[in-house]
Every structure is written in C-alpha cells, then in structure tokens.
Amino acid sequence: MGDHVELRPAAEEDLLLLEKLTWDPAATGEFAQFGWFDLRQWRRGWIENKLIGDDGGVLMVVRGAERLGLVDWRRQPSTPGAYYWEIGMALLPEARGHGYGTQALRLVARYLFAHTTVHRLEATTEAGNVAARRMVEKAGFTQEGVLRETGWRDGAWRDAIIHSLLRTDPPA
C-alpha cells in the first residue's frame, strides 16, 4: 500500500466528502472556491447513476482506507462524431503536495483509455495555480495554450491553461 493511491467508485458515504470538496472554502482551497451552487448536485447524481454514466463519472482517490479526494471526467463534443474527456480533480488539503494527484491523474487516464474509445483527455487549470499545472504536466499532459479570462472566481476573470494527453502520447 505505502504511498500509492488507487481509484474506486464512490459510495453513498462519500457524498459528504464530495460536498465538502465542492463547497467548503477550507477544503476547496484558493483556486476552487466558486461559491455555492446546485447544492444537491452530488445527491442527484448518486440517485441517477451512482456517479458514473455515459457522459462522465466520479471516482474516489484513496490510499488504503483513507479518502484523499476525487477525480472526475465529463464528455465534451469535438465534432458531431467525436468527443474527448475533460478531467477534473479535487484533493483534501492534507493530501496535496505528496504526489497523490499526479498518481490519480495517471490512473484515470489509463482507465479512460482502456475502457473508452476516446483519443484525447483534457485538463484545464487556473493560470495562477502553479501546483496544479505542475501536477498535470508530471502526469504526462502537454500544455497547449492560454484561455484568456475564461473563469470567474473571487470577483475577477481568470486565465486558464489548457493541457491535453493523447492516446498516442508516451506514458509518463
């Protein structure tokens, strides 16, 4: 076990942690506090499909019995006949800075490439979130460019950095 993380499907008892990682300012951190919105999001998703469906999903990031956070993916159309997965992540504050996020991104990338026909994964980080940018790049994603003033947080428009990982990219 050691410092290696695993991914597992969410369980009903994880819903409180998912809510905490979404709305509690102490847990979300500076770059992921977007205010309160759709407070029933996780519970509706749980009732609908246990948080895994054709258009995306959520897996828990764990180290043994310890829950560290979540990874999620959402289907994004690229052409009428193709799509890619947009990947997101949220880790508890005490789980950040230990390499768990990099491991989890690699695991979810392997999972999605093994179980779907998608060719492209995409991850977007706020430009000022240097730690997240470093994590995404360590996981093998390539920085592609800047999305100018695309995200609204804390009363201001923020730039984002877009990263991708292709099925044909060498493993990280």
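Hi everyone, let me begin with one residue, Leu51, which counts as buried at 8% relative accessibility. Before I go on, please keep in mind that this is a predicted model.

So where does Leu51 sit? It belongs to the loop that joins helix 3 to strand 2. Its backbone is worth a look too: phi of Leu51 is near 75 degrees, a positive value in a residue other than glycine.

Now step back to Lys50. That residue lies in the loop between helix 3 and strand 2, and helix 3 is followed by Lys50. Phi of Lys50 is positive as well, near 60 degrees, and again the residue is not a glycine. Is Lys50 buried, exposed or partly exposed? With a relative accessible area of 47%, Lys50 is partly exposed, since the exposed class is reserved for values over 50%.

Let's walk back into helix 3 itself, which covers residues 41-49. Which of its residues are buried? They are Trp42, Gly45 and Trp46. Looking down the helix axis, you would find these buried residues within an arc of 105 degrees, so they line one face of helix 3. The face turned away from that buried side carries two exposed residues, Ile47 and Glu48. And what lies over the buried residues? The cover includes helix 1, residues 15-23, together with strand 3.

Helix 3 also brings us to a pocket. The second largest pocket has a volume of about 350 Å³. It is lined by 17 residues, and the closest to its centre are Gly45, Asn49, Leu51, Gly56 and Gly57. So our opening residue, Leu51, is back, in that central group. Helix 3, strand 2 (52-53), strand 3 and strand 4 each give two or more residues to the lining. The largest share comes from helix 3, with six residues. By character, the lining divides into five nonpolar, six polar and six charged residues.

Next, the inside of the protein. In soluble globular proteins, nonpolar side chains tend to be buried together. Here the largest nonpolar core has 26 residues, and the ones touching the most other members are Val61, Leu68, Trp73, Ile87, Leu112, Leu121 and Phe141. At least two core residues come from each of strand 3 (56-63), strand 4 (66-79), strand 5 (82-91), helix 4 (100-115), strand 6 (120-126) and helix 5 (130-138). Which element gives the most? That is helix 4, with seven residues.

Let me pick out Val61 from that group. Setting aside neighbours within four places in sequence, Val61 is in contact with residues including Val5, Leu7, Leu68, Leu70, Val71, Leu91 and Ala104. There is also a second, separate core of 15 residues. Among its members are Ala10, Trp42, Val58 and Leu92, and you met Trp42 a moment ago as a buried residue of helix 3.

One last stop: Thr142, in strand 7, which runs over residues 142-153. Thr142 is partly exposed, with a relative accessible area of 42%. What does Thr142 touch, not counting residues up to four places away in sequence? Its partners are Ile162, His163 and Ser164. If you would like to relate Thr142 to the largest core, use Leu121, one of the core residues I listed. The two are 21 residues apart along the chain, and their C-alpha atoms are separated by 10 Å.

That's my tour. Thanks for listening!

Terms used:
Residues are numbered from 1 along each chain as its sequence is written. This is a predicted model: local features need pLDDT of at least 70, side-chain atom pairs count only at pLDDT 80 or more; totals for chains, interfaces and linings use all residues. Side-chain values use heavy atoms; hydrogens and water are left out. A nonpolar core is a set of buried Ala, Val, Leu, Ile, Met, Phe, Trp, Tyr and Cys residues joined through side-chain atoms within 4.5 Å. Buried means under 20% relative accessible area, exposed over 50%, partly exposed in between (1.4 Å probe, protein chains only). Helices (H or I, at least four residues) and strands (E, at least two) are DSSP runs, numbered from the N terminus. Contact means heavy atoms within 4.5 Å. The arc is that of the directions from the helix axis to the C-beta atoms. On a 1 Å grid over the protein atoms alone, a cavity is a set of points where a 1.4 Å probe fits but cannot get out, and a pocket is an open set with protein on both sides within 12 Å along at least five of seven lines; lining residues have an atom within 4 Å of a point. Grid points are joined across faces, edges and corners, and a volume is the space filled by probe spheres set on the points. Ala, Val, Leu, Ile, Met, Phe, Trp, Tyr, Cys and Pro count as nonpolar, Asp, Glu, Lys and Arg as charged, and the others, Gly among them, as polar.
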